Amino acid sequence: MSQSVSRPQDLMTKVLMPKVLMPEWFRRPTEQVAKELVGCLLCRRLENGHVIKMRITETEAYTGRDDPACHAYNDRRTPRTEIMYSAGGMSYVYLIYGIHYLLNVVTSVEGDPEAVLLRAGFVEGRPMREFAGPGKLTRQLDINKTLNAKPLIPDSGLWLEYDGCTPPLTVKARIGIDYAGDAKHW
């Protein structure tokens with residue numbers, strides 16, 4: 001069952017100056033960051049200097065140690081998940097099934113392993129076509145493991161922007177995590 005969610009625009013306005021979302025913006029409750037990322041632009045500067053921007057249409061929040069679907073569940077700390085323990089505003093890129101890179105943005109405060117998975121979006125300036133699925137999203141933006149553990153700022157080649165787009169939201173169950181039991185609905 002899905003539900004509509006209101007967006008706290010006053011907070012967005014206070015926190016989001018300038019247009020680029022700086023690392024401090026991600027150091028807030030993960031569920032709030034996940035909601036407010038919908039409508040934002042994921043920006044990727046390619047090696048040739050060209051910048052591709054994707055309008056985010058779908059996210060998933062992973063809330064750390066107590067979330068059975070989170071890589072850091074029960075405080076599992078591995079070389080792969082170490083970046084999740086950083087302060088929010090970092091990228092967490094990993095490979096699944098040996099073929100798909102997934103991009104998460106680390107949220108919350110240092111030591112609190114939480115992140116938001118970016119699941120889908122539309123590439124700006126191209127015919128309207130949603131790239132639904134986190135592997136398709138990263139493929140369109142040439143995101144791979146070289147971008148893991150980077151600060152989400154323009155100098156790193158991967159950052160997020162807010163330009164005033166605040167689409168209506170619908171909250172649904174998380175995808176592909178049936179093993180997490182009731183937590184798939186978080």
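Which residues of helix H2 are buried? In this predicted model, in which local features need a pLDDT of at least 70, side-chain atom pairs count only at pLDDT 80 or more, and totals for chains, interfaces and linings use all residues, the buried residues of H2, which spans residues 30-37, are Thr 30, Val 33, Ala 34, Glu 36 and Leu 37. Residues are numbered from 1 along each chain as its sequence is written, and side-chain values use heavy atoms, with hydrogens and water left out. Buried here means under 20% relative accessible area, exposed means over 50%, and partly exposed lies in between, with a 1.4 Å probe and protein chains only. Helices (H or I, at least four residues) and strands (E, at least two) are DSSP runs numbered from the N terminus. Just after H2 comes Gly 39, which has a positive phi, near 100°.

Seen as a whole, the protein has three helices and nine strands, and from the N terminus on these elements follow the order β-α-α-β-β-β-β-β-β-α-β-β. Of its 186 residues, 47% count as buried. The accessible surface, computed by the Shrake-Rupley method with a 1.4 Å probe, where for residues only the protein chains shown count as cover, comes to about 9,400 Å², and 53% of that surface belongs to carbon and sulfur atoms. If a contact is taken as heavy atoms within 4.5 Å, then among the contacts with a separation of 6 or more, 59% are between residues 24 or more positions apart.

The confidence of the prediction should be kept in mind along the way. The pLDDT, which is the predictor's confidence in each residue on a scale from 0 to 100, averages 84 over the protein, and 78% of the residues score at least 70. Over residues 1-18, however, the pLDDT is below 50, although this stretch has 33 contacts in the model beyond near neighbours in sequence. Where pLDDT is low, the predicted coordinates should not be read in detail.

Two pairings involve strand E3, where strands pair if DSSP finds at least two bridges between them. Strand E2 (residues 41-45) pairs with E3 in the antiparallel sense over five bridges, and Arg 45 has Val 51 of E3 as its bridge partner. The hairpin of E2 and E3 has five residues between the strands, and within this hairpin Gly 49 takes a positive phi near 95°. E3 also pairs with E6 in the antiparallel sense, over eight bridges, and there the bridge partner of Thr 59 is Leu 118 in E6.

Turning to the interior, a nonpolar core is a set of buried Ala, Val, Leu, Ile, Met, Phe, Trp, Tyr and Cys residues joined through side-chain atoms within 4.5 Å. The largest such core has 28 residues, and those with the most contacts inside it are Phe 26, Leu 37, Leu 42, Leu 118 and Leu 160. H2, E3, strand E5 (100-106), E6 and E8 each supply at least two residues of this core, and E3 gives the most, with four residues. Leu 42, not counting residues up to four places away in sequence, touches a series of residues that includes Ile 52, Leu 103, Leu 118, Leu 141 and Leu 160. Apart from the largest core lies another, of ten residues, among them Met 84, Met 90, Ala 115 and Leu 117.

Charged side chains add further links, with a salt bridge defined as a side-chain nitrogen of Lys or Arg within 4 Å of a carboxyl oxygen of Asp or Glu. By this rule there are eight salt bridges. One of them joins Glu 161 and Lys 19, at 4.0 Å from N to O; Glu 161 lies in strand E8 (residues 158-161) and Lys 19 in the loop between helix H1 (9-15) and H2, so the pair ties together parts that are 142 residues apart in sequence. Glu 161 counts as buried at 7% relative accessibility, whereas Lys 19 is partly exposed at 43%, and both belong with Lys 53 to a network of salt bridges. Within another pair, Glu 36 and Arg 28 meet at 3.0 Å, N to O, and both of these residues are buried.

Finally, Ile 83 sits in the loop between strand E3 (51-62) and strand E4 (91-96), and it counts as buried because its relative accessibility is 10%. Its C-alpha atom is separated by 8.3 Å from that of Asn 148, a residue 65 positions apart along the chain.
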